[in-house]
Amino acid sequence: MFDPSQEDLFAPFDPIATSKNLEELHSLIRDCTRCPELAGYRTQAVPGVGPVNARVFFIGEAPGRWEDQHGEPFVGAAGVYLTELLAKIGLDRSQVFITNIVKCRPPDNRDLRAAEIKYCAPYLERQLTFVKADLVVLLGRVALERFFPKEKITEVACQPRRKVIGSREITFLPVLHPAFGIRREEIKPEIERQFWTIKEVLDEL
Ligand code: URA
């Protein structure tokens, strides 16, 4: 029964917080214009990919050129390497959820601005409420700093830590970003070693 005295009738409508499933959320992301520069520059937004029941949730930084063209995260060189790393630890790419801190490609892959990370944050948080993964892997510095602003990736890589996001306590595991291994071949053995930690932590959860 309509009751105009109910206070929450006047609460602002928040389509992200009230989105009912990943599909609805991802179509909001595709239509997003919160960051006019990114919205004007992108070919398309890149919400994320993977099953809603994934056990592992990977977070990178932002789409690059290939991701912007294909609408899927991690499909360029770093993505091919990420897929290889997953296979080494017995995970198929189709089993995991993959997304980025920011869903649109920054012009010429420039560093993300604090406001862009902030405006995109509710999308990522809502994704984390739909995909109730056992483990959230933070790929590199930018993903780490979004959740643990005081930490340094070189100091905390491979150390699981817990934090409440929304109403759920989540286990996070920071590791080096695969793109680092593409730029510096000699880092690859260390990245592989760090990826084995993902398997170890998952086996314990
Ligand atoms: N591709 C992505 O989607 N994200 C990154 O962080 C790097 C490459």
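**Group meeting: the β5 strand, its sheet, and the salt bridges**

Ile165 stands opposite Arg168, a residue of β5. I start there, and before going on I should say that this is a predicted model.

Ile165 and Arg168 are one of the facing pairs along β5. Moving along, Val164 has Glu169 as its bridge partner in β5. Lys163, in turn, is partnered with Ile170 of β5. Taken as strands, β4 and β5 (residues 168-175) are antiparallel and share five bridges. The hairpin that β4 and β5 make has two residues between the strands. Gly166 in that hairpin has a positive phi, near 65°.

Now the other neighbour of β5. Which way do β3 and β5 run relative to each other, parallel or antiparallel? They run parallel, and five bridges join them. Among the contacts, Leu139 has Val175 in β5 as its bridge partner.

Is β5 largely enclosed or open? Six of its eight residues are buried, so β5 is largely enclosed by the rest of the structure.

Now the whole sheet. It is open, has five strands, and reads β2-β1-β3-β5-β4, with mixed pairing. The edges are β2 and β4, each of which pairs on one side only. On average, and ignoring direction, neighbouring strands in this sheet are turned by 30° against each other. As a general point, side chains in a regular strand alternate between the two faces of the sheet.

That is the sheet. Next, the charged pairs. In general, side chains of opposite charge can pair when their charged atoms come close. How many salt bridges does the model have? The count comes to 14. I will take three of them.

The first I will take is Arg113 with Glu37, a salt bridge at 2.9 Å from N to O. Arg113 is in the loop between β2 (97-100) and α5 (114-130), while Glu37 is in helix α2 (residues 36-41), so this pair ties together parts that are 76 residues apart in sequence. As for accessibility, Arg113 is partly exposed at 44%. Glu37 is partly exposed too, with a relative accessible area of 39%.

Next is Arg55, which forms a salt bridge with Asp134; the closest N and O atoms are 2.5 Å apart. Both residues are in loops: Arg55 between α2 and β1 (56-60), and Asp134 between α5 and β3 (135-139). The two are 79 residues apart in sequence, so here again the salt bridge ties together separate parts of the chain. Arg55 has a relative accessibility of 36% and counts as partly exposed. Asp134, at 33%, is partly exposed as well.

The last pair brings us back to β4. Glu151 and Arg161 meet through their side chains in a salt bridge, 2.5 Å from N to O. Glu151 is in the loop between α6 (140-147) and α7 (153-156), and Arg161 is in strand β4 (residues 161-165), 10 residues away. Which of these is buried and which is partly exposed? Glu151 is partly exposed, with a relative accessible area of 26%. Arg161 has 17%, and the cut-off for buried is under 20%, so Arg161 is buried.

One more item on the charged residues. Glu37 and Arg113 also belong to a network, in which salt bridges with shared partners join them to Arg110 and Glu116.

Note on methods
Residues are numbered from 1 along each chain as its sequence is written. This is a predicted model: local features need pLDDT of at least 70, side-chain atom pairs count only at pLDDT 80 or more; totals for chains, interfaces and linings use all residues. Side-chain values use heavy atoms; hydrogens and water are left out. A salt bridge is a side-chain nitrogen of Lys or Arg within 4 Å of a carboxyl oxygen of Asp or Glu. Helices (H or I, at least four residues) and strands (E, at least two) are DSSP runs, numbered from the N terminus. Buried means under 20% relative accessible area, exposed over 50%, partly exposed in between (1.4 Å probe, protein chains only). Two strands pair if DSSP finds at least two bridges between them. Axes are lines fitted to C-alpha atoms, for helices over the stretch in contact, and angles run from 0 to 180 degrees between N-to-C directions.
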